[in-house]
Amino acid sequence: WDMIGRCYSENSCNYKYYGKRGITVCDEWLPENNGRVNFITWSLLNGFQKELSIDRINNDEEYSPTNCRWTTKRIQNINKKY
């Protein structure tokens with residue numbers, strides 16, 4: 001779960017771009033709330049494909065069902081904050 005590490009682990013090389021900026025993961029997707037199952041369910045209902053990656057629509061908001069989508073690296077690079 002890369003998004004959890006990016007947001008909560010200061011040891012992550014990408015923490016400075018996520019957690020340090022205040023980016024979090026919604027409660028529904030956190031491990032203590034059955035998050036993996038909830039995330040997989042959401043993913044399968046919202047366009048998951050192996051060649052796509054998760055993208056936050058608004059880069060200043062959390063990872064959540066209403067702010068995430070599955071997209072190509074090309075689109076994701078256009079949407080970068082940094």
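These are legends for several close-up views of one predicted model.

Some ground rules first. Residue numbers start from 1 along each chain as its sequence is written, and side-chain values use heavy atoms, with hydrogens and water left out. Because the model is predicted, local features need pLDDT of at least 70 and side-chain atom pairs count only at pLDDT 80 or more, while totals for chains, interfaces and linings use all residues.

**View 1. Cys7 and Cys13, two cysteines without a disulfide partner.**
A disulfide is a covalent bond between the sulfur atoms of two cysteines. Here the term is applied to a pair of cysteine sulfur atoms within 2.5 Å, and the structure holds zero of them. For Cys7, the closest cysteine sulfur belongs to Cys68, and at 9.4 Å that is too far for a bond. Cys13 has its closest cysteine sulfur in Cys7, but the gap is 13 Å, so no bond there either. The two also sit in contrasting surroundings: Cys7 is buried at 4% relative accessible area, whereas Cys13 is exposed at 64%. (Buried is under 20% relative accessible area, exposed is over 50%, and partly exposed is in between, using a 1.4 Å probe and protein chains only.)

**View 2. Around Cys7, with Gly19 and Arg21.**
Cys7 lies in helix 1; helices here are DSSP runs of H or I with at least four residues, strands are E runs of at least two, and both are numbered from the N terminus. Gly19 is found in the loop between helix 1 and helix 2. Gly19 and Cys7 are 12 residues apart along the chain, yet their C-alpha atoms are separated by 3.9 Å. Gly19 is buried, with 14% relative accessible area. Arg21 is 14 residues from Cys7 in sequence, and the C-alpha to C-alpha distance for that pair is 8.8 Å.

**View 3. The salt bridge between Asp60 and Arg21.**
A salt bridge here means a side-chain nitrogen of Lys or Arg within 4 Å of a carboxyl oxygen of Asp or Glu, and the structure holds two. In this one, the closest N and O atoms of Asp60 and Arg21 are 2.7 Å apart. The pair links distant parts of the chain, 39 residues apart: Asp60 comes from the loop between strand 1 and strand 2, and Arg21 from the loop between helix 1 (2–8) and helix 2 (35–45). Asp60 counts as partly exposed at 49% relative accessibility, and Arg21 is partly exposed too, at 32%.

**View 4. The salt bridge between Arg69 and Asp55.**
These two side chains meet at 2.8 Å, N to O. Arg69 belongs to strand 2 and Asp55 to strand 1, so the pair ties together parts that are 14 residues apart in sequence. What is the relative accessible area of Asp55? Asp55 comes in at 4%, which means it is buried. Arg69 is partly exposed at 30%.

**View 5. A negative surface patch with Glu62 as one of its members.**
Asp27, Glu32, Glu61 and Glu62 form this patch. Patch residues have over 30% relative accessible area and no salt bridge; like charges are joined within 9 Å, and nonpolar side chains (Val, Leu, Ile, Met, Phe, Trp, Tyr) within 5 Å. Glu62 lies in the loop between strand 1 (53–56) and strand 2 (68–71). At 32% relative accessibility, Glu62 counts as partly exposed.

**View 6. A nonpolar surface patch made by Ile40, Leu44 and Phe48.**
Together, these three residues make a patch of about 300 Å². Accessible areas come from the Shrake-Rupley method with a 1.4 Å probe, and for residues only the protein chains shown count as cover. Leu44 lies in helix 2 and is exposed, with a relative accessible area of 62%.

**View 7. Asn34 and its positive phi.**
Most residues other than glycine have a negative phi. Asn34 is not a glycine, yet its phi is positive, at about 65 degrees. Where is Asn34 found? Look in the loop between helix 1 and helix 2 for Asn34. At 47% relative accessibility, Asn34 counts as partly exposed.

**View 8. Glu51, in the loop between helix 2 and strand 1.**
Glu51 is exposed, with a relative accessible area of 56%. Gly5 is 46 residues from Glu51 along the chain, and 21 Å separates the two C-alpha atoms.

Key:
Lys and Arg count as positive and Asp and Glu as negative; His and the chain ends are not counted. The place of a charge is taken as NZ of Lys, CZ of Arg, CG of Asp or CD of Glu.
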